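I opened the notebook today to look through a structure and jot down what I found. The entries are short, and they follow the order of my lookups.

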Amino acid sequence: MSKRPDGRYVDEAPFDPQASIQQLERADLDAPNWVLVWRKFRTHKLGLISGIFLLLCYVMLPFAGFIAPYGPNDRNGEHLYAPPQSVNWFHEGEFIGPYVYPIVAEADLETFQWKFAPDTDDPRPIRFFCEGSEYKLAGLIRSDTHLFCAPEGATLFLWGSDRLGRDVFSRILYGAQLSLTVGLIGISVSFFLGILFGSIAGYFGGRIDWVINRVIEILRSLPELPLWLALSAAVPSNWSPVAVFFIISIILGILDWPGLARSVRAKFLSLREEEYVRAAEMMGASSGRVIRKHLLPNFMSHLIASASLSIPAMILGETALSFLGLGLRAPAVSWGVMLNDAQNLASIEIYPWTAIPMLPIIVIVLAFNFLGDGLRDSLDPYQQ
Amino acid sequence: MSALLSVRDLSIGFGSGPSVVRDVSFDVEPGQTLALVGESGSGKTISCRAALRILPRTAQIRSGTITLNDSHGAADLMKLSERQMRSIRGNRVSMIFQEPMRSLSPLHKIGNQVSEVLWLHRGASDSEARKEVLTQFERVGFPDPARAYDSYPFELSGGMRQRAMIAMAMVAKPELLIADEPTTALDVTTQAQVLGLIKELQRETGMALILVTHDLGVVANMAEHVVVMHKGRVMEAGPAALILNEPAHPYTQQLFDAAPEIPDQDSVGIPMPDEDLILQMTDVSKTYTMRSSKGWKAEKLIHACRGVDMKLARGKTLAIVGESGSGKTTAARIALGAELPDPGGKVLFRTTKDSEPITVHHMTRAERTAFQRKAQMVFQDPYSSLSPRMRIQDAMTEPLEIHRLGNVSEQRDKAAEMLQRVGLNEDMLKRYPHAFSGGQRQRLSIARAMMLDPALIVCDEPTSALDVSVQEQILTLLENLQDSLNLSYLFISHDLAVVARIADEVAVMRRGLVVEQAPPETLFYNPRHPYTKALIAAQPEPDINRPIDLKLVALGAGSPDSWDDAFRFSDSVIPSLVELEPGHKVRCHV
């Protein structure tokens, strides 16, 4: 503090009036955009955990057959509607590793139901890296080694078995293969259409914009569920499950693009006013170049965020269709097909485990939502 | 006498980063004006927002005390509860914000928004509040207070909105008003009037004022005390007369040297030469049709610019000056061929002295490509003129790629050469634009415009988003480039003082019409049009002995039908441009 005699204060720290113009002002921001987004996303814990979880889920898909103890359509005629079995570690105070008690079905002659009683005297350890039913690893490599299987002469229904005695746990793993990818295929279709029409409408404006907007409005005004029903009812019933699956995901994509096209168009309209776009136009860049080099890269991140928010809608759509019996059909396995078994209240009341496929749906949809939120929050890395 | 507001050793930081404001202390005496001067990022806004505790969420006050000592007694603003703070905000201390467009709610009537202050702090009834607000409106200069009370913000101009903000801030009769760049978003004539209004109100009510500004000219007109801030620290503080007359700190000195000034002239200038014209605009008009709000009425015609005649000689600078909406940008866009003039208008561009002119108003594809190589543009906002996804190198070489000039390594060398020309470093090529400051980005966009070796560069307010010291550097850079490369500039600006130093001829525009056109020396020596006179008078000068002449401003800044008979124009009767002396044209009835 230096007060001068004339009553003013002057700072005495050295000052360089010619501070170099070659110095970076924000050295902390000196990185490509995706690095900045990642730095910000890392601090969004919920989104990060969801992202890792989803990544694990998708990595698991090709190996579903290896993890599942049974094949998707292995029937166990003696254990229809068997309840979930617990895996124990200690038998009468003695550690013997993971084991299950074999269950025996008995007919209850009062209620005319099968009763399953565990035989608690006979612990049977679970086998690991054992041989079981044959499956294809990633759909290519034939194998029959499983991570774990039922002990000799016993069953291993972690989440119970269904109407035909099939293992619910294994079927959920197999079902994930279809249920999780239907969203990806659907979103690619919707992405392609949405970006195409949205960017045409946003960039060229005028009459084309008008027409595309009206088409979007008409598509959005159609009631969604009946339309799905109508379109999927039109799929020939003699097609293979895989063909039906593709058609279903394409249908979902076709009905989803208008929403995306709208946000693309809105983003285009605002980005077009940015001076770097006007600068490129003044340099003589063609429309295609402006869209490719300037507009798309700058809102791709927004698109990815909005896509991750609309994948859950696709997954739910597939589930709803299959639940109603109009989407995938047996022998294909998806979560919706499995829930088809849990359609009436009576069966849920008596066999609550048949509704377990709801859990992965809820978890996956939430995870996608958290991930999308996290991405959206971190897209503007310049904010403090 | 104890100070009304006293800030001691204030430090503020964001998150875990270093403090952005360090050890700032200042006092505001009752009834006096303190100016906080500094460039963007100097921490001046944050410091005074801290006084009202309206900081962004992530900011924390790390140390220091702020004491308010008014007629209600002393209060430590750091320690009060949120509830007690609310009774101070708007009541004992109020604030005016920078953006008049954004600081009023668009869904509420102006009157109700202002009355809310009274409802909250005085518990006034509707009719009492209305009466008081109407008196206040009259005092801040609304011609029809009752109508203003019932209008929505979008019905008012920027200057009127800022008056409404002032009314809102003043209606509870605070003892301290904090004005955060109250005039930065306004045109220079409106700025002069708003500053005059604040000063007058201050004289009437005896309140104290903290004026946050980056403009030393405003300081000279308003303040008794000055605090100069730089990078979060106080550089110099003391009485205005002392600091403005003999700045002691090199930073203050630097601000002074950079402040644009309208020079005193004692003779007329040399008119723009007639031979070797690079750009020639003849009778250029642009009319937009706007659909009327009522379906049955005829479409409305909007004359963005009318009958513009301009010529620009090679190696010279032609400046167009005017407020927002005066048509200057439209004229520039027509000159660049981005917009077509109304039929009859002609724009001719000559690449070299003897070449066939390109008719910019009617180009074939090949002509357009050739034209784009020779005419480039520098934009206003350095933050949006570079794509955040492209490395500097990609942004710089893009023009060459588009016109398929040279191979990759030649393009890179050219980009490096241009960076050095604008004073930047070659290794910046690999970086991304967000790491750079506003001034550096503006240099980058100038460098990009130079990549095609153009002959003409249109500068659309290239310095209005920059700090004064940076503005000075950019203008120097533009001058140097012009000297070494014989460039021609079409320079758009709202600021006569900026144009004063760079232009060879100035056209002053108002409502789509050129009202006066002359070399700058002539214009400042012998301004004839009342609007030009108002513009010159309204320019705040960093000289405490030359206050703004509000009478002269009021005479010319009003609508064209309030001008003297000789200059008056309406939609139907427009006087023509008359050449009063060689190279000096004025729109008047002779």
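The entries below cover the interface, the cores, a pocket, the cavities and two backbone angles.

**Entry: what I am looking at**

I remind myself that this is a predicted model.

**Entry: the chain interface**

I began with the two chains. I found 41 residues of chain A in contact with 55 residues of chain B. I also looked up the area buried between chain A and chain B, and the value is about 4300 Å². Carbon and sulfur atoms give 54% of that area. On the chain A side, I noted that A:R8, A:M282 and A:M283 lose the most area to chain B. Together these three make up 19% of what that side buries.

**Entry: the nonpolar cores**

Next I asked which residues touch the most other members of the largest nonpolar core. They are A:L295, B:L279 and B:L490, in a core of 115 residues. That list names residues of chain A and of chain B. I picked B:L279 for a closer look. Setting aside neighbours within four places in sequence, I see B:L279 in contact with B:M310, B:K311 and B:L312, with B:A335, with B:V347, B:L348 and B:F349, and with B:L456 and B:L490. So as not to forget it, I wrote down that another core lies apart from the largest one, with 67 residues, including B:F491, B:L523, B:I548 and B:F567.

**Entry: the second largest pocket**

I then turned to the second largest pocket, which has a volume of about 790 Å³. Its lining has 24 residues, and the closest to the centre are A:E281, A:G284, A:A285, B:R368 and B:Q372. In chain A, α8 (275–283) and α9 (287–323) each give two or more residues to this lining. In chain B, α12 (365–374) and α13 (392–402) do likewise. Which element gives the largest share of this lining? I found that it is α12(B), with 5 residues. By type, I counted 7 nonpolar, 6 polar and 11 charged residues in the lining of this pocket.

**Entry: the cavities**

How many cavities of 30 Å³ or more are there? The count is 3. The largest cavity holds about 70 Å³ of space. I listed its lining as A:A279, A:M282 and A:M283 from chain A, with B:Q376, B:M377, B:F379, B:P399, B:S445, B:R448 and B:A449 from chain B. I was pleased to meet A:M282 and A:M283 here again, having just seen them among the residues that lose the most area to chain B. The elements with at least two residues each in this lining are α8 of chain A and, in chain B, β16 (375–378) and α15 (438–450). The lining divides into 7 nonpolar, 2 polar and 1 charged.

The second largest cavity has about 50 Å³ of space. I see it lined by A:D162, A:V168, A:R171, A:M338, A:D341, A:T354 and A:P357. Here the split is 3 nonpolar, 1 polar and 3 charged.

**Entry: two positive phi angles**

Last, I checked the backbone. Most residues other than glycine have a negative phi. B:D9 is not a glycine, yet I found a positive phi of about 50 degrees there. B:D9 lies in strand β1 (residues 5–14) of chain B. B:D9 counts as partly exposed because its relative accessibility is 42%, between the 20% and 50% cut-offs.

B:R511 also has a positive phi, near 50 degrees. I located B:R511 in the loop between β19 (505–510) and β20 (513–518) of chain B. With a relative accessible area of 42%, B:R511 is partly exposed.

Definitions and conventions
Residues are numbered from 1 along each chain as its sequence is written. Chains are lettered from A and ligands numbered from 1 in the order in which they are written. This is a predicted model: local features need pLDDT of at least 70, side-chain atom pairs count only at pLDDT 80 or more; totals for chains, interfaces and linings use all residues. Side-chain values use heavy atoms; hydrogens and water are left out. A nonpolar core is a set of buried Ala, Val, Leu, Ile, Met, Phe, Trp, Tyr and Cys residues joined through side-chain atoms within 4.5 Å. Buried means under 20% relative accessible area, exposed over 50%, partly exposed in between (1.4 Å probe, protein chains only). Contact means heavy atoms within 4.5 Å. On a 1 Å grid over the protein atoms alone, a cavity is a set of points where a 1.4 Å probe fits but cannot get out, and a pocket is an open set with protein on both sides within 12 Å along at least five of seven lines; lining residues have an atom within 4 Å of a point. Grid points are joined across faces, edges and corners, and a volume is the space filled by probe spheres set on the points. Helices (H or I, at least four residues) and strands (E, at least two) are DSSP runs, numbered from the N terminus. Ala, Val, Leu, Ile, Met, Phe, Trp, Tyr, Cys and Pro count as nonpolar, Asp, Glu, Lys and Arg as charged, and the others, Gly among them, as polar. Buried area is the accessible area (1.4 Å probe) that two parts lose on being put together, summed over both.
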